[in-house]
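Q: I am new to this structure and would like a close look at a single part of it. Could you walk me through the salt bridges?

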Amino acid sequence: MDRNRLFTRAYVLFAAFAIGAICIAGKILHIQFIDGAKWQTKVAHLTTELREIPATRGNIYADSGDLLATSVPIYEIRMDLKAEGLDAADFNANIDSLCIELSGLFGDRTAAQYRDRLVTARKAGNRYYLVKNNVDFDQARQTEKFHLFRRGRFKSGVIYEKQNKRIQPLGDIASRTIGYSRPGIQPVGLEGSYDDLLGGRPGQRYEKRLAGGVWMPINNSNEVDPEDGCDIYSTIDVNIQDVANSALRKQLKKHNARHGCAILMEVKTGYIKAIANLSLSGDSTYTESYNYAVGEATEPGSTFKLASMMAAFEDGKLTIHDSVDTKNGTHRFYDRIMRDSNHEGYGKVDVLTAFQKSSNVGISRLINDQYAADPEQFISRLRKMGLGQPLGIELPGEGKPQLKSPTDPSWSGVTLPWMSIGYELLMTPLQILTFYNAVANNGVMMRPLFVSEVRKNGKLIEKIDPQVINPSIASRSTIEQARQMLESVVSEGGTASNLRFGAYSIAGKTGTAQIANAQYGYKYDQAVSYQASFVGYFPSEAPEYACIVVVNGPSNNVYYGNQVAGPVFKEIADKVYAQRFDLIKSQELPHTHTALHVPISKAGNVEDLRAIFKTLRVPYEEVGQQLDWVSTTSQVDSVVISPRSIKEGLVPNVLGMSLRDGLYVLEQMGLEVRISGKGMIARQSILPGSTVRKGQIIMIELT
């Protein structure tokens, strides 16, 4: 009996353990496969991490202090609808007023819709409900006074999440040069180059992960506060940049071109003062979508002829006084024929004239005759002058220059003559400009720079001084001959003679090239594809600025560099002169003699002056046939009045006039006047007799 009882109890105990084990296993399976999602959500809900807080990104400024890129605060307004201080009575008493205020401010929903969403979120126990996103600073400040929200975070549950949005206040001005830096995307422009300095140092705070993967800060304080980024000051002059953009856009539209760029460089420093890049978009407008000036390496065409001739000068093979026979404008090199744009040719001319006329036949014959036996000498000289190598600029994406060597598999008998006129090699516009800038700078090649200073909270952190790439690309004799050739191009008979008129002198070279690319070869839409360019410097006698303009794919049957690119160069240069009095040659006021009894008078309207002299009993004498506007010269015993001609379409001479009269005359001509100083007009930024362009800015200085 005792034995049977013992077995019975053992069986019962075993059965109980078995049933318990089965229950436990069942519960585990239930949790794993049925309630798993629920428990995973709860675990996620309770997960806490120390997470990064982005720092406020530094600003990018123009050289004048104008903002080119900055970060503006954008807020998300959220609510912890289960906040400890938010009881039901407060919520119910204020929810209607709050929703009316939210609807009135944002206008995206009715007050009833706001109320329904907030009530539903509260019933669901939402502790991080998104009330409104993309809220600007002023709007966020206004909501702080709304019902409930004005009680603060712990009593209302309101949470303001600040984010920073990057904007460029001046629109598309130099936007590709300013660039961007975004996670997972190749950095572009100054934003990318100076990302570490601009980005600052992120902070840290504890955040809790809620359902749906949303992270909510646990409290208002940070474990580590973020450190704001540094500010960088670019070399860009916004006034010139604006002109470069508008002038380039106007020419691209006029010639229905695919894209183009313009760059202005300060000769002595290498500072880039303006850089515009525009391309035709699908909606037939021109926008900044790619930095052609920095990144697009193409065959430069005739602008490379300067380097070819300088190589021959430097190797002692030629001077500007040597001669070449351009024949009838054609010459055969092996199986290819070289042609001049002038189909009749120029006959036998000196080197200077061949360059002035941009004779393909003349330049290619000169270089081929001198270097055919040893083409490596030509290539070696070009490399010594700094060509064929990247510039090492701070912007990412510099196009790679290509300068063939005679050992390259693609070298042929026609490579040397075609290379001499800018084919079978690749260079970017910025690389070409840097070479011309070196010629303007007496042989010193400067690295192009886009940033001059780095500051933090107004304190100078780093000053970026001008950087020399090559202290002497060529001898003084070679540089002098090069400059003579460039000046001849912008003189009567040169290919850019249309640019020679104005208050200052220009030196430069036109370029008209048939361009090749991987997609189209040398043709586009069944027609030859051209690239028009002009590169040079001004004033030619004492260069201060170098500039290049390149227009790719003009398609209205006008493709020469002087007609397509030249006008953009001239408009940019005019703007510089309108801002820089010191570039204008000294202009003297009309000569006067100090008289004991006769006052020195201003030039002006003849009727006004007659009335003044009669009233003050000042003797005066009129010389010549009087016009409306006159000049005055004080003699010992009288004032001599002489006519001053004001011709329609030409900039008038306003020196010696009063501000009132000068303004009247200049504005009547359609000029926009900028004024400095007090007294009578002593200087004007555009020389008298220059052609007037409506809306052109002229600066006058009074003393």
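A: Here is a friendly tour of some salt bridges, one pair at a time. Keep in mind that this is a predicted model.

The count comes to 21 salt bridges. A good place to begin is Arg57, which forms a salt bridge with Asp195, with the closest N and O atoms 2.9 Å apart. Arg57 sits in the loop between strand E1 (48-53) and strand E2 (60-61), while Asp195 belongs to helix H9 (residues 195-199), so this pair ties together parts that are 138 residues apart in sequence. Arg57 has 16% relative accessibility and so counts as buried, whereas Asp195, at 27%, counts as partly exposed.

Next, look at Glu191 and Arg166, whose side chains meet in a salt bridge at 2.7 Å, N to O. Glu191 is part of helix H8 (residues 189-193) and Arg166 is part of strand E5 (residues 158-167), so here the linked parts are 25 residues apart in sequence. With 3% relative accessibility, Glu191 counts as buried, and Arg166, with 27%, counts as partly exposed.

A further pair is Glu227 and Arg201, with a salt bridge of 3.9 Å, N to O, between their side chains. Glu227 lies in the loop between strand E7 (215-217) and strand E8 (231-234), and Arg201 in the loop between H9 and strand E6 (203-209), so the pair ties together parts 26 residues apart in sequence. Glu227 counts as partly exposed at 35% relative accessibility, while Arg201 is exposed, with a relative accessible area of 55%.

Finally, some of these residues belong together: Arg57, Arg166, Glu191 and Asp195 are joined into one network by salt bridges that share partners.

Note on methods. Residues are numbered from 1 along each chain as its sequence is written. This is a predicted model: local features need pLDDT of at least 70, side-chain atom pairs count only at pLDDT 80 or more; totals for chains, interfaces and linings use all residues. Side-chain values use heavy atoms; hydrogens and water are left out. A salt bridge is a side-chain nitrogen of Lys or Arg within 4 Å of a carboxyl oxygen of Asp or Glu. Helices (H or I, at least four residues) and strands (E, at least two) are DSSP runs, numbered from the N terminus. Buried means under 20% relative accessible area, exposed over 50%, partly exposed in between (1.4 Å probe, protein chains only).
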